Amino acid sequence: MFATDSILGFTFTKTMFNDTMRVIKETRNELFHSNPIKDRKKIVDACERILNGLQFHLGDYDHDLGAAQYVRVPATVGRAQRHVIPAR
């Protein structure tokens, strides 16, 4: 699933992967408990390491998203003026 070490420029060991995922998990918990991120550089580095390993670059995503066009699909079911909620 990950790029080879020669493409990455470093060896992505199981220990490094586990440490990287731990940083991401701890930051996720900080955010979901409404706490500020303690070390932003650490989480950015961890995310970039995973994204580089997957050969996914945000610049490519941004380019693809910029070229995307939204097309609204017409409704296939008629809509009523109000929702009818049955009595209990």
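Which helix does Thr27 lie in? Thr27 sits in α2, the helix that covers residues 14-32. Keep in mind while browsing these close-ups that the model is predicted.

**View 1. Thr27 and its surroundings in helix α2.** Zoom in on Thr27 and you'll find a buried residue, because its relative accessible area is 9% and buried means under 20%. Its side chain reaches back to the backbone oxygen of Val23, at 2.9 Å. Look past the neighbours within four places in sequence, and Thr27 is in contact with Ile37 and Ile43.

**View 2. Arg22 paired with Asp19 in a salt bridge.** Here we stay in helix α2, where Asp19 and Arg22 are three residues apart, or about one turn of the helix. Their side chains meet at 3.9 Å, N to O. Asp19 is partly exposed, with a relative accessible area of 36%. Arg22 is partly exposed too, at 36%. As a bit of background, side chains of opposite charge can pair when their charged atoms come close.

**View 3. Arg22 paired with Glu26 in a salt bridge.** Now follow Arg22 to its partner Glu26, four residues apart from it in helix α2, again about one turn. The N to O distance for this pair is 3.7 Å. Glu26 is partly exposed, with 37% relative accessible area.

**View 4. Lys41 and Asp45 meeting in helix α3.** The structure holds three salt bridges, and this close-up shows the one between Asp45 and Lys41, at 3.1 Å from N to O. The two residues are four apart in α3, about one turn of the helix. Lys41 counts as exposed because its relative accessibility is 58%, while Asp45 is partly exposed at 30%. Back in the earlier views, salt bridges that share partners join Asp19, Arg22 and Glu26 into one network.

**View 5. A nonpolar patch on the surface.** For a change from charged pairs, this view turns to nonpolar side chains. Phe2, Leu54, Phe56, Leu58, Tyr61 and Leu65 make a surface patch of about 560 Å². Pick out Phe56 and you'll be in the loop between α3 (40-53) and α4 (58-67). Phe56 counts as partly exposed, because its relative accessibility is 36%.

Definitions and conventions:
Residues are numbered from 1 along each chain as its sequence is written. This is a predicted model: local features need pLDDT of at least 70, side-chain atom pairs count only at pLDDT 80 or more; totals for chains, interfaces and linings use all residues. Side-chain values use heavy atoms; hydrogens and water are left out. Patches are made of residues with over 30% relative accessible area and no salt bridge: like charges are joined within 9 Å, nonpolar side chains (Val, Leu, Ile, Met, Phe, Trp, Tyr) within 5 Å. Accessible areas come from the Shrake-Rupley method with a 1.4 Å probe; for residues, only the protein chains shown count as cover. A salt bridge is a side-chain nitrogen of Lys or Arg within 4 Å of a carboxyl oxygen of Asp or Glu. Buried means under 20% relative accessible area, exposed over 50%, partly exposed in between (1.4 Å probe, protein chains only). A polar contact is a pair of N or O atoms within 3.5 Å; within protein, one must be able to donate a hydrogen and the other to accept it, and residues adjacent in sequence count only if both atoms are side-chain atoms. Contact means heavy atoms within 4.5 Å.
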